[in-house]
Amino acid sequence: MRACSALLFIYLCIFSTSSQASNRYYADNTLEPSQGFAWDWGIGAGYYAEDSYLVGMDSYNDGFEPDIHLAVSYEKFYLDYDQSQLSGGLSLGYSIIDKFEWGLDIVGTNVQSGFDETGLTFYGDDVIAELEGIKRRNYDFDVGLRLSRRFENSHISFEYLHDVSGTHNGWVMNSFFSQIIPWRNWEFRSGVGLSAYSSDFTNYYFGISQPESRADRPLYIPDTSYSLIFEFHAEYPLNQHWVFLTGWLSTWFSNDIHQSPIISQEYQHKAKVGLRYVF
Amino acid sequence: MFFKYYFLFALPIAPVNAQEQTADSNTLVAIPDTCVALREGRNCYADVEVSWRQQQIGNYCLRNSDSKHIIQCWLMQHKGLFRYEFDSTETVGFELINSDNGKIVASTEIQLQWVYKNRQKKRRWRLF
């Protein structure tokens with residue numbers, strides 16, 4: 001029983017994301033990077049409020065979420081799992097080239113959160129009437145290249161990723177500009193991004209297949225889609241182990257996503273505050 | 001559902017970062033005596049009060065223990081207070097010296113700590 005609880009907990013921590021996934025890339029290039037093996041990890045909890053884009057979900061949805069983060073780096077390899085900042089995901093990377101402020105990396109990451117007829121949260125057990133009968137959309141895992149250019153406290157990156165999990169077999173292209181602004185002991189991070197999703201990706205997550213269609217949910221076959229993202233995040237150290245976190249994410253979707261019968265609006269907002277204990 | 005709503009953590013009461021003063025001894029105290037930065041390598045900021053007390057009235061100076069730079073002096077006093085904004089990437093030490101003979105009569109320091117120690121050049125945070 002205890003083992004089952006532990007497994008359930010790990011599962012929830014990994015898959016309790018609840019909105020359109022997007023991957024961010026920040027760097028404070030004023031810091032001398034750690035050499036060799038370095039790592040941080042911590043746990044915490046946060047309160048979130050969101051305005052989800054899925055039909056049938058409350059326009060104001062809130063609750064508590066667990067938070068786990070792990071950052072490991074060794075030479076040219078790095079791994080990040082960070083769920084504190086409104087959702088989480090695992091990212092693996094290997095630096096191929098890192099020269100003259102330019103970088104080329106192989107990266108692997110989850111781009112899109114899965115959902116089913118219970119909504120975006122897999123641990124929810126109530127079927128949403130408007131989503132009833134849709135097949136489960138799984139989490140994907142995408143691998144590809146990232147080209148990046150560092151500035152003093154900002155960063156711009158371009159990625160081409162392709163699904164290797166067999167979930168949608170499509171591609172995703174991300175461009176993202178981010179900035180870190182330390183102010184006294186605060187750290188503020190903000191970023192804007194533009195992403196493009198292949199028709200395979202868009203159709204898998206937002207299309208409606210023949211078996212899923214019904215009178216109020218017609219067949220829907222979308223094409224390539226886009227999203228525009230803005231986010232803001234702040235962290236403050238309360239003491240050597242406790243950190244206060246807060247963040248905001250807004251995403252706007254192109255027609256091929258928001259015209260889907262299972263999407264209620266062309267935007268999504270989410271805010272979160274939380275505390276984290278860093279070991 | 002259980003984990004979603006009930007995974008809460010109690011925030012322990014942080015110890016006050018002050019050195020205990022003994023009533024009858026000569027003291028040099030910095031409050032707070034610890035500054036916590038979010039990441040290793042970042043500057044840490046704190047509003048600090050450095051206070052001192054001596055049993056004998058005299059001429060005293062407060063100085064940086066590394067650079068020996070004199071920060072402030074007091075004439076014919078047995079106590080003093082110096083307020084300043086701590087802004088450093090490393091621990092800073094203070095010494096109180098008797099300016100008549102240059103001897104150190106008390107010392108203290110403001111320790112620097114940080115939360116995150118992994119300063120990855122390539123840090124990929126995922127927000128949603």
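How many bridges join strand 1 of chain A to strand 2 of chain A? There are 14 of them, and the two strands run antiparallel, with strand 1 covering residues 37-51. Strands here, like helices, are DSSP runs numbered from the N terminus: a strand is E over at least two residues, a helix is H or I over at least four. Two strands count as paired if DSSP finds at least two bridges between them. Within this pair, A:F37 sits opposite A:Y74 of strand 2.

Before going further, a word on what you are looking at. This is a predicted model, in which local features need pLDDT of at least 70 and side-chain atom pairs count only at pLDDT 80 or more, while totals for chains, interfaces and linings use all residues. Residues are numbered from 1 along each chain as its sequence is written, and chains are lettered from A and ligands numbered from 1 in the order in which they are written. The model scores ipTM 0.72 and pTM 0.75.

Now step back to chain A as a whole. It has three helices and twelve strands. The twelve strands make a closed barrel in the order 1-2-3-4-5-6-7-8-9-10-11-12, with antiparallel pairing. Neighbouring strands of this sheet are turned against each other by 20° on average, direction ignored; the axes behind that angle are lines fitted to C-alpha atoms, for helices over the stretch in contact, and angles run from 0 to 180 degrees between N-to-C directions. Among contacts in chain A between residues at least 6 apart in sequence, 61% join residues at least 24 apart, where a contact means that the C-beta atoms, placed from the backbone, lie within 7 Å. Of the chain's 279 residues, 42% count as buried. Buried means 20 or more other C-beta atoms within 10 Å of the residue's own, exposed means 12 or fewer, and partly exposed is in between, again with C-beta atoms placed from the backbone.

For a single residue in the barrel, try A:L70, which is found in strand 2 (residues 61-74). A:L70 counts as partly exposed because it has 17 C-beta neighbours inside 10 Å. Leaving aside neighbours within four places in sequence, A:L70 touches A:W41 and A:Y81.

Further along the barrel, look at strand 9. Twelve bridges join it to strand 8 of chain A in an antiparallel pair, and A:W183 stands opposite A:W186 there. The hairpin of these two strands has two residues between them, and A:R184 takes a positive phi near 50°. On its other pairing, strand 9 meets strand 10 of chain A over eleven antiparallel bridges, with A:R189 partnered by A:H233.

In a regular strand the side chains alternate between the two faces of the sheet. Strand 9 of chain A follows this pattern: A:E187, A:R189, A:G191, A:G193, A:S195 and A:Y197 point to one face and are buried, while A:W186, A:F188, A:S190, A:V192, A:L194 and A:A196 point to the other and are not.

Helix 2 of chain A (residues 199-206) is mostly covered, with six of its eight residues buried. Those six are A:F201, A:T202, A:N203, A:Y204, A:Y205 and A:F206. Their cover includes strand 8 (171-183), strand 9 (186-197), strand 10 (225-237) and helix 3 (255-258) of chain A.

Over in chain B, strand 5 (residues 92-98) is largely enclosed by the rest of the structure, because five of its seven residues are buried. It pairs antiparallel with strand 3 (residues 44-64) of chain B through five bridges, B:R63 being matched with B:E95. Six bridges tie strand 5 to strand 6 of chain B, also antiparallel, and B:I97 faces B:I104 in that pair. These two form a hairpin with five residues between them, and B:G102 in the turn has a positive phi of about 80°. B:T108 lies in strand 6 (residues 104-116) and is buried, with 21 other C-beta atoms within 10 Å.

Finally, a caution about chain B. Its pLDDT, the predictor's confidence in each residue from 0 to 100, averages 79, and 72% of the residues score at least 70. Over residues 1-23 the pLDDT is below 50, though this stretch has 35 contacts in the model beyond near neighbours in sequence. Residues 121-128 of chain B also fall below 50, with 45 such contacts. Where pLDDT is low, the predicted coordinates should not be read in detail.

Notes
Contact = placed C-beta atoms within 7 Å.
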